[in-house]
Amino acid sequence: MIYTVTFNPALDYIMHTGDISLGGTNRSSSEELYIGGKGINVSLVLKELGIKSTALGFVAGFTGAEIERRLEEKGITTDFVKLSSGNTRINVKIKGSYETEINGKGPDISSAELSAFFEKINSLESGDCLILAGSIPGSLPSTAYSDILEMLADKDICAVVDASGKLLVNVLKYKPFLIKPNTFELSEIFGTVPENEDEIITYAKELRKMGARNVLVSMAKDGALLVSENNVVHRIGAANGKAVNSVGAGDSMVAGFIAGYMEKKDYDYALKLGTACGAATAFSSDLAAKEKIDEIFASL
């Protein structure tokens with residue numbers, strides 16, 4: 001079974017505007033409301049690929065109830081810890097002359113509620129896949145991801161971590177199956193911007209030395225590369241198309257890669273399916289749909 005974890009889910013409220021007048025009244029031309037959260041995005045794209053998963057994490061209040069309702073409506077199994085106070089955050093995405101985001105803080109999570117979540121994690125069995133994706137609320141310890149992997153260290157769990165900075169670095173000693181930094185996140189970790197593909201490969205190999213079994217680096221218009229557990233570099237170019245949406249593209253790539261690897265145990269195939277899923281989201285107003293994924297996959 002695949003489990004996805006979203007510590008800080010959201011309802012994403014998209015507002016389409018013209019130029020924004022700071023300090024004045026602005027009106028939108030249209031609005032959309034989506035479920036947000038990196039782990040949740042992974043579950044939704046896996047569903048498009050015909051793969052079941054269970055979404056874990058925390059929800060609170062009327063916004064949390066709406067996230068659960070929408071996921072269940074889409075056929076996603078959920079097992080969230082329901083917080084006793086607060087509301088799951090609403091993130092406002094303003095799409096005008098510039099794309100601007102205002103992300104909510106999210107509710108506080110008590111130690112008792114965190115313990116209830118850890119109990120769910122402890123129920124995972126050898127052979128399961130656990131995908132940890134995104135940021136964590138300020139009320140949780142910065143070691144939350146590494147605490148989870150330490151807890152599961154004696155089980156044969158396929159761990160995938162899509163996070164940044166110390167949140168990612170701290171899990172490497174537990175040898176996760178896959179991590180997925182982008183080039184900006186590489187620069188955050190190593191304190192310097194990679195200037196070319198050779199430097200990206202060097203940094204990816206360094207992350208392998210630090211413990212990651214496989215390092216998947218997304219490079220936007222330059223495609224993606226994978227340094228696999230046997231230290232082989234696998235490379236793929238970007239799909240052709242017009243990018244209209246950056247939200248969820250990386251999560252879609254993770255979903256596609258894991259789905260592809262589970263299907264054929266072949267890294268080139270996994271990289272191709274991951275790239276197709278990421279592009280299908282980037283070229284759409286919402287997350288990747290199966291028909292679009294298939295179309296792009298055939299073109300790569």
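1. Salt bridges come to 14 in this structure. The model is a predicted one. Three of the pairs and one network are taken up below.

2. Aspartate 162 and lysine 38 form a salt bridge through their side chains, at 3.4 Å from N to O. This pair ties together distant parts of the chain. Aspartate 162 sits in strand β10 (residues 158–162). Lysine 38 belongs to helix α1 (residues 38–48). The two residues are 124 residues apart.

3. How buried or exposed are these two partners? Aspartate 162 has 4% relative accessibility, so it counts as buried. Lysine 38 has a relative accessible area of 28%, so it is partly exposed. The cut-off that matters here is 20%: buried means under that value.

4. Glutamate 66 and arginine 69 also meet in a salt bridge, at 2.8 Å from N to O. Both lie in helix α2 (residues 61–73). They are 3 residues apart there, so about one helical turn separates them. Arginine 69 counts as partly exposed because its relative accessibility is 39%.

5. The pair in helix α2 is part of a network of salt bridges. Which residues does the network link? They are Glu66, Arg69, Arg70 and Glu73.

6. Glutamate 101 and lysine 93 make a further salt bridge, at 3.0 Å from N to O. Glutamate 101 is partly exposed, at 39% relative accessibility. Lysine 93 is buried, because its relative accessible area is 7%. In this pair the lysine is the buried partner, while the glutamate is partly exposed. In the pair of point 2, the aspartate is buried and the lysine is partly exposed.

Notes
Residues numbered from 1 in each chain as written. Predicted model: local features only at pLDDT ≥ 70, side-chain atom pairs only at ≥ 80, totals over all residues. Heavy atoms only, no water. Salt bridge = Lys/Arg side-chain N within 4 Å of Asp/Glu carboxyl O. Helix = DSSP H or I, 4+ residues; strand = E, 2+ residues; numbered from the N terminus. Buried < 20%, exposed > 50% of the residue type's maximum accessible area, 1.4 Å probe, protein only.
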